[in-house]
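The exercises below ask you to read a fold step by step, starting from a single helix and moving outward to the sheet and the loops. Each task is followed by a worked solution.

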Amino acid sequence: MTTEHDWDQYGIVIVDDDDEFLDEAKRAFDGRVPTARTLADAHRSVESGEVSLVLLGPSHAHEAGIKAATILQDLDSDLALVLVAGTVTAPLLKAALRGGLTDVIEAPVTPAKLADILSDVGAKAERRPAVAAAEPYAAPVAREGRIITVMSAKGGSGKTVMATN
């Protein structure tokens, strides 16, 4: 890959337990991004406050994997979660939408796909305020639920169907 992108300016972590995928993704980023084999390792990276993009590998391309990855967004609501899937299907996209993922791309990871995602993440990071360090004695805040509002300006648009499904 050419060095037209400065991958170091983005806080990126690649997460997957498949060595082949990790090697492929590292090559796409010129080997300059950290990797994590588990979500727990990625959790520590996100807690540092320097990560703006988590690239989830194909081993997370199922509903349970997506649900597990959303815990990272509890740490940082501006975090971009991008899933790389072998085959993008409607049920997978639906699970990703419900999980709040930023994007789903089809493997293999290519420079063009990464450039599109990183331009979106870069624009989002510019609007993002600096992350203040948490007080060491502050109690952790428990997440109790998520409220989602479904609205439409006119009747018959299917908002009740969307809200109940």
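## Exercise 1: the helix α1

At the start of α1, the backbone nitrogen of E20 has a side-chain oxygen of D18 within 3.3 Å. The model is a predicted one, and the exercises work through it from this point.

Task: determine which residues of α1 are buried, and where they fall when seen down the axis of the helix.

Solution. Step one is to list the buried residues of α1, which are F21, L22, A25 and A28. Step two is to look down the helix axis, where these buried residues fall within an arc of 120°, so they line one face of α1. Step three is to turn to the face pointing away from that buried side, which carries the exposed residues E20 and R27. Step four is to place the helix: α1, residues 19-28, lies across β1, β2 and β4, and runs at about 155° to β1. Step five is to follow the chain just past the end of α1, where D30 takes a positive phi of about 60°. For background, most residues other than glycine have a negative phi.

## Exercise 2: the order of the sheet

Task: work out in what order the strands of the open sheet are arranged, and which of them are the edge strands.

Solution. Step one is to take the pairings of β1, which is joined to β2 by two bridges, the strands running parallel, and to β3 (residues 53-56) by four bridges, again in parallel. Residue V15 shows both pairings, with A36 as its bridge partner in β2 and L56 as its bridge partner in β3. Step two is to continue outward from β3, which four bridges join to β4 in the parallel sense; here L55 has V82 as its bridge partner in β4. Step three is to pair β4 with β5 over four bridges, also parallel, with D103 in β5 as the bridge partner of V82. Between these two strands the chain passes through helix α5, residues 90-99, and this β-α-β crossover is right-handed. Step four is to assemble the pairings, which give an open sheet of five strands in the order β2-β1-β3-β4-β5. The edge strands are β2 (35-36) and β5 (103-106), each of which pairs on one side only. Step five is to return to the helix of the first exercise, since β1, α1 and β2 make up a β-α-β unit that is right-handed.

## Exercise 3: burial of the strands

Task: state how many of the residues of β4 are buried, and which residues cover each face of β1.

Solution. Step one is to count along β4, where six of the six residues are buried, so the strand is largely enclosed by the rest of the structure. Step two is to separate its two sides: A80, V82 and V84 are buried on one, and L81, L83 and A85 are buried on the other, so that both faces are covered. Step three is to treat β1 in the same manner, with I12 and I14 buried on one side and V13 and V15 buried on the other. Step four is to set these strands against the whole protein chain, in which buried residues make up 33% of the 165 residues.

## Exercise 4: two loop positions

Task: decide whether T70 is buried or exposed, and find what its side chain reaches.

Solution. Step one is to locate T70 in the loop between α3 (63-69) and α4 (71-75). Step two is to apply the cut-off, under which buried means a relative accessible area under 20%; T70 has a value of 13% and is therefore buried. Step three is to examine its surroundings, where the side chain of T70 reaches the backbone oxygen of K67 at 2.6 Å, and where, leaving aside residues up to four places away in sequence, T70 touches L81 and G99.

Task: identify which residue follows A107 across a cis peptide bond, and where that residue is placed.

Solution. Step one is to read omega, which is near 5° for the bond from A107 to P108, a cis peptide bond. Step two is to place P108, which sits in the loop between β5 and α6 (111-127). As a general point of comparison, most peptide bonds are trans.

Note on methods:
Residues numbered from 1 in each chain as written. Predicted model: local features only at pLDDT ≥ 70, side-chain atom pairs only at ≥ 80, totals over all residues. Heavy atoms only, no water. Pairing = 2+ DSSP bridges. Contact = heavy atoms within 4.5 Å. Axes fitted to C-alpha atoms, helices over the stretch in contact; angles between N-to-C directions. Buried < 20%, exposed > 50% of the residue type's maximum accessible area, 1.4 Å probe, protein only. Right-handed = clockwise from strand over helix to strand, strands pointing away. Arc of directions from axis to C-beta. Polar contact = N/O pair within 3.5 Å; in protein donor to acceptor, adjacent residues only side chain to side chain.
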